[in-house]
Amino acid sequence: MHNCCRYLIFFQYIGNKYSGVVRVPPHQLPKTGVQNHLEDAVRRLRPLHPVSLSISSRTDTGVHALSNSAHFDIQRREDKLPFTEDVLVEALNFHLKSESIRITRARRVPPGFHARFCARSRTYVYRVALGVSHHTRLPLTDYNLCWGLRDVELDVGAMREGAALLVGTQDFSSFRALNSDAPFKTPVRTLEVASVEPGNAFARTHFHSDIHFWELTFKSRSFLYKQVRRMTGALVAVGQGKLSIRQLKELLEARDSQAYPGAFAAPAYGLFLTRVDYGDTDLQFSEKEGSGRLPPRGNPEDTGSDT
């Protein structure tokens, strides 16, 4: 068992073609989740035992990631030495080359490390494009990667005032969509960051247009189901004058998912998971550590799921 290792991988994907990040069961094929393809790539490395990934942060259908993470254990056949981190990245990307998924880095971690429960924070960025009279006006590098609005400007000052109301530890029931997990998770979350800042087209150096980009950034240890998209939609409504600061405050204080105007929710394709952060002590690996430690149980609400 000395060559059985636990690895943390960071990966990115364009979510348009996937049914979210988590594995899709066989009876729902041909739909696939990003996890299906990651685990298939690991299987192609011919591990001694079946491998299952633990994803740190769930993302919904159509949501993208510039940096999501997962851990898995792998033991090589014939007593071969463990993969080096660089070789593991190259090998997995070789088997993922036909997919819109890439491994950006890998790190060998302690056997007790858990990608989901050890995460200290997750950061999401929502991209909004203004002055988009028709979706064909967007450059190819941003098509289906931002929310295109006809508005040529938003009241950014009001949006920032509204974002400040969301920061802190509070009950975000009004900003979560109900699903089967809702009764088992507390709606209280601590939002560390909610900001509205200018953005850019991905090909900004070569793209000349009257289309202007804004980015809404949210950081927390974990999020409720579709919380980021609902907060984004409410702040954009504030910027458009469809929702006042007072009404936003009343919505937050209502603590009722049914109180959220359904038409306000932002579409999935403008949302990116951009960071999953860990403490240095959680990542420290020692060759002396055994492989029999169990991962920490964690809290059931700390799923990192949005989206």
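Here, a buried residue has under 20% relative accessible area, an exposed one over 50%, and a partly exposed one a value in between (1.4 Å probe, protein chains only). The model is predicted, so local features need pLDDT of at least 70 and side-chain atom pairs pLDDT 80 or more, while totals for chains, interfaces and linings use all residues. Residues are numbered from 1 along each chain as its sequence is written, and side-chain values use heavy atoms, with hydrogens and water left out.

**Exercise 1. Find the salt bridge between R275 and D277, and classify both partners by accessibility.**

Step 1: Look for a salt bridge (a side-chain nitrogen of Lys or Arg within 4 Å of a carboxyl oxygen of Asp or Glu). The closest N and O atoms of D277 and R275 are 2.6 Å apart.

Step 2: Turn to accessibility. R275 has a relative accessible area of 45%, so it is partly exposed. D277 is buried because its value is 18%.

Step 3: Now look for shared partners elsewhere. D40, R43 and R44 are joined into one network by salt bridges. The count by this rule comes to 13 salt bridges.

**Exercise 2. Trace the salt bridge of R6 and say which strands it links.**

Step 1: Find the partner. R6 pairs with D73, with 2.7 Å between the closest N and O atoms.

Step 2: Place the two residues in strands (DSSP runs of E, at least two residues; helices are runs of H or I, at least four; both are numbered from the N terminus). R6 belongs to strand β1 (residues 4-13) and D73 to strand β3, and the two are 67 residues apart, so this pair links distant parts of the chain.

Step 3: Compare their surroundings. R6, at 10% relative accessible area, is buried, whereas D73, at 33%, is partly exposed.

**Exercise 3. Describe K226 through its salt bridge, its location and its backbone.**

Step 1: Start with the side chain. K226 meets D60 in a salt bridge of 3.9 Å, N to O. K226 sits in the loop between β9 (212-220) and α4 (227-240) and D60 in the loop between β2 and β3, so the bridge ties together parts that are 166 residues apart in sequence.

Step 2: Add accessibility. K226 counts as partly exposed because its relative accessibility is 23%, and D60 counts as buried at 18%.

Step 3: Check the backbone. K226 is not a glycine, yet its phi is positive, at about 65°.

**Exercise 4. Locate two more backbone features, one at D79 and one at P30.**

Step 1: Recall the background. Most residues other than glycine have a negative phi, and most peptide bonds are trans.

Step 2: Inspect D79. This residue, not a glycine, has a positive phi of about 60°. D79 lies in the loop between β3 and α2 (85-95), and at 52% relative accessibility it is exposed.

Step 3: Inspect P30. The peptide bond from L29 to P30 is cis, with omega near 20°. P30 is in the loop between β1 and α1 (34-43).

**Exercise 5. Describe how α3 and α5 pack.**

Step 1: Read the geometry, with axes as lines fitted to C-alpha atoms over the stretch in contact and angles from 0 to 180 degrees between N-to-C directions. Helix α3 (residues 156-166) and helix α5 (residues 245-254) pack at about 20°, and their axes are 10 Å apart.

Step 2: Classify the angle: under 35 degrees is roughly parallel, over 145 roughly antiparallel, 65 to 115 roughly perpendicular and the rest oblique. The helices α3 and α5 are therefore roughly parallel.

Step 3: List the contacts (heavy atoms within 4.5 Å). A158, E161, G162, L165 and L166 of α3 meet I245, L248, K249 and L252 of α5.

**Exercise 6. How many residues of α1 are buried, and which elements cover them?**

Step 1: Count. Eight of the ten residues in α1 are buried, which leaves the helix mostly covered.

Step 2: Name them. The buried residues of α1 are V34, Q35, N36, H37, L38, E39, A41 and V42.

Step 3: Find the cover. The elements covering these residues include β1, β2, β3, α2 and β4 (101-109).

**Exercise 7. Where does S57 lie, and is it buried or exposed?**

Step 1: Place S57. The loop between β2 (54-55) and β3 (64-75) holds S57.

Step 2: Check its accessibility. S57 is buried because its relative accessible area is 0%.
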